[in-house]
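The exercises below are meant to be worked with the sequence and the coordinates side by side. Each task is followed by a solution that proceeds in steps.

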Amino acid sequence: MATHGTVTQLHFAPRSTGRPAVRAAWAALAAMLHARRTRRLLAEMDDRMLADIGLDRGQALAEAARPAWDVAARR
């Protein structure tokens, strides 16, 4: 599996934003970038790795095909 730089680990958001809307926007952007990266990595996994996490190739490709903005809210 190829290794990739981790753009989502960089902290783009200013630390002292007092406005909740700004913080929410940064959090949403971070969630989208994380989803995009992890879905790309999921698509690159081989069948053995997918079996280890309980997925088959079709499920992995379906998840990888979702757009970055299609992220589930945290519970």
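**Exercise 1. Determine which residue offers its backbone oxygen to the side chain of Arg39, and describe the setting of Arg39.**

Step 1. In this predicted model, the backbone oxygen of Asp70 lies 2.7 Å from a polar atom of the Arg39 side chain.

Step 2. Arg39 itself belongs to helix H1, and its relative accessible area is 7%. Because the limit for a buried residue is under 20%, Arg39 counts as buried.

Step 3. If residues up to four places away in sequence are set aside, Arg39 touches Glu63, Ala64, Arg66, Pro67, Ala68, Asp70 and Val71.

Step 4. Arg39 also takes part in a network of salt bridges, in which it is linked with Glu63, Arg66 and Asp70; Asp70 thus appears both in this network and as the residue whose backbone oxygen lies 2.7 Å from a polar atom of the Arg39 side chain.

**Exercise 2. Find how many salt bridges the whole structure contains, and examine individual pairs.**

Step 1. The search of the whole structure returns five salt bridges.

Step 2. One of them joins Asp47 to Arg57, with 3.1 Å between the closest N and O atoms. This pair links distant parts of the chain, since Asp47 sits in helix H2 (residues 47-52) and Arg57 in helix H3 (residues 57-64), ten residues apart. Arg57 has a relative accessible area of 29%, so it is classed as partly exposed.

Step 3. The side chains of Arg48 and Asp52 form another salt bridge, at 3.8 Å from N to O; with a cut-off of 4 Å, this distance qualifies. Arg48 and Asp52 are four residues apart in helix H2, and therefore about one helical turn separates them. In an α-helix there are 3.6 residues to a turn, so residues three or four places apart point the same way. Both Arg48 and Asp52 are exposed.

Step 4. Arg66 and Glu63 meet through their side chains in a salt bridge of 2.9 Å, N to O. Arg66, at 28% relative accessibility, is partly exposed, and Glu63, with a relative accessible area of 26%, is partly exposed as well.

**Exercise 3. Work out where Ala68 and Val71 lie, and which residues they contact.**

Step 1. Ala68 is located in the segment after H3, and Val71 is likewise found in the segment after H3.

Step 2. Ala68 has a relative accessibility of 22%, and so it counts as partly exposed; Val71, with a relative accessible area of 32%, is also partly exposed.

Step 3. Leaving out neighbours within four places in sequence, Ala68 is in contact with Met32, Ala35, Arg36 and Arg39. Under the corresponding exclusion of residues up to four places away, Val71 touches Ala31, Met32, Ala35, Arg39 and Arg66.

Step 4. The C-alpha separations can be set beside the spacing along the chain: Ala68 and Arg37 are 31 residues apart in sequence, with their C-alpha atoms 8.9 Å from one another, while for Val71 and Ala35, 36 residues apart, the C-alpha atoms are separated by 6.9 Å.

**Exercise 4. Describe helix H1, including its span and its buried residues.**

Step 1. Helix H1 covers residues 20-44, which amounts to 25 residues, and it reaches 36 Å from its first C-alpha to its last, close to the 36 Å expected at 1.5 Å a residue.

Step 2. The buried residues of H1 are Leu33, Ala35, Arg39, Leu41 and Leu42, and what covers them includes H2 and H3.

**Exercise 5. Summarise the whole protein, and state how confident the prediction is.**

Step 1. The protein has three helices and zero strands, with its elements running α-α-α from the N terminus.

Step 2. Of its 75 residues, 12% count as buried, and the accessible surface comes to about 5800 Å², of which 59% belongs to carbon and sulfur atoms.

Step 3. Among contacts with a separation of 6 or more, 60% are between residues 24 or more positions apart.

Step 4. The average pLDDT is 83, and 72% of the residues score at least 70. Among the elements, H1 has the lowest mean pLDDT, at 94, and H2 the highest, at 97.

Terms used: Residues numbered from 1 in each chain as written. Predicted model: local features only at pLDDT ≥ 70, side-chain atom pairs only at ≥ 80, totals over all residues. Heavy atoms only, no water. Helix = DSSP H or I, 4+ residues; strand = E, 2+ residues; numbered from the N terminus. Buried < 20%, exposed > 50% of the residue type's maximum accessible area, 1.4 Å probe, protein only. Expected span 1.5 Å × (residues − 1). Contact = heavy atoms within 4.5 Å. Areas by Shrake-Rupley, 256 points an atom, 1.4 Å probe, with all protein chains shown as cover. Polar contact = N/O pair within 3.5 Å; in protein donor to acceptor, adjacent residues only side chain to side chain. pLDDT = per-residue confidence, 0-100.
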